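Me: Please take a close look at one part of this chain for me, and then connect it with other parts of the fold. I would like a careful account in full sentences.

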Amino acid sequence: PPPKIESIKVPPLTGRLKLVISVLFYHREDLIDSFLQSLLQHILTVESREDVTCSLNLAFNYQPSLAVITEINELIVEKLPGRSDAVHILENGFNVGFGAGHNLIFDKDDSDIFLILNSDVRVIDQEWLPKLVNRFRDSDAAIVGLIQTASHLREDGCGIPIKAAGDEFDFVDGSVLAIRSDLARRFGLFSPSFDYFYFEDVDL
């Protein structure tokens with residue numbers, strides 16, 4: 001039978017908020033430096049508002065080299081002076097999967113907003129994290145993603161991108177996806193039923 005449809009009231013988030021950013025790495029160590037150079041600056045920008053605290057979680061779905069971990073730690077000290085405690089490195093040792101990897105981070109760190117971010121994503125807008133937080137503050141949004149990844153879900157399970165920004169859509173993909181943590185705790189984040197397959201993000 002189809003899943004039960006339930007309407008819930010989602011009040012806007014208020015007060016000082018904790019934004020947890022979850023990133024999974026699976027090799028492609030050549031992306032790490034440029035990714036962090038960009039993201040750490042965005043974190044400084046959103047924390048300068050003083051009503052948001054960030055926690056950045058970098059999880060490796062393989063065994064990274066000591067040189068990579070050292071490079072990351074040095075970059076954190078340089079770019080986030082006095083805030084190195086805001087970055088957490090997790091070594092899973094093997095590929096636990098997309099959904100399971102983010103679930104592990106979600107379960108270990110309290111948050112108000114949980115942001116899933118791919119390491120090959122670069123957002124040019126320096127104010128994108130403040131805008132993201134404001135979207136949750138000023139609306140009843142449960143999930144926020146990129147309109148460029150909004151798609152219809154076809155009956156065979158394929159995603160078909162929408163043609164215009166105003167079109168209705170079924171899901172946004174998990175390359176940049178933020179969710180209210182209270183709702184993720186209530187209904188669950190990624191289902192373990194998907195294992196290593198795609199479309200874990202569609203299930204949200």
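Reply: Asp109 lies in the loop that runs between α3 (98-108) and β4 (113-117), and in this predicted model its relative accessibility is 9%, so Asp109 counts as buried, the cut-off for that term being under 20% relative accessible area. Along the chain Asp109 and Lys18 are 91 residues apart, while their C-alpha atoms are separated by 9.9 Å.

Another acidic residue in a loop is Glu29, which is placed between β1 (17-25) and α1 (32-47). Where Asp109 is buried, Glu29 is partly exposed, with a relative accessible area of 32%. Because patches are made of residues with over 30% relative accessible area and no salt bridge, the 32% of Glu29 satisfies the area condition, and Glu29 does belong to a negative surface patch, together with Asp33, Glu71 and Glu74.

Turning to the strands, one open sheet is built from 3 strands in the order β7-β6-β8, with antiparallel pairing. The edges of this sheet are taken by β7 (159-161) and β8 (171-172), and each of these has a single partner strand, so that one side of each is left without a neighbour in the sheet. Strands of a sheet pair through backbone hydrogen bonds, either parallel or antiparallel. Here β6 (residues 150-153) pairs with β8 in the antiparallel sense over 2 bridges, and within this part of the sheet Ala150 stands opposite Val172 in β8.

Notes. Residues are numbered from 1 along each chain as its sequence is written. This is a predicted model: local features need pLDDT of at least 70, side-chain atom pairs count only at pLDDT 80 or more; totals for chains, interfaces and linings use all residues. Side-chain values use heavy atoms; hydrogens and water are left out. Patches are made of residues with over 30% relative accessible area and no salt bridge: like charges are joined within 9 Å, nonpolar side chains (Val, Leu, Ile, Met, Phe, Trp, Tyr) within 5 Å. Accessible areas come from the Shrake-Rupley method with a 1.4 Å probe; for residues, only the protein chains shown count as cover. A salt bridge is a side-chain nitrogen of Lys or Arg within 4 Å of a carboxyl oxygen of Asp or Glu. Lys and Arg count as positive and Asp and Glu as negative; His and the chain ends are not counted. The place of a charge is taken as NZ of Lys, CZ of Arg, CG of Asp or CD of Glu. Helices (H or I, at least four residues) and strands (E, at least two) are DSSP runs, numbered from the N terminus. Buried means under 20% relative accessible area, exposed over 50%, partly exposed in between (1.4 Å probe, protein chains only). Two strands pair if DSSP finds at least two bridges between them.
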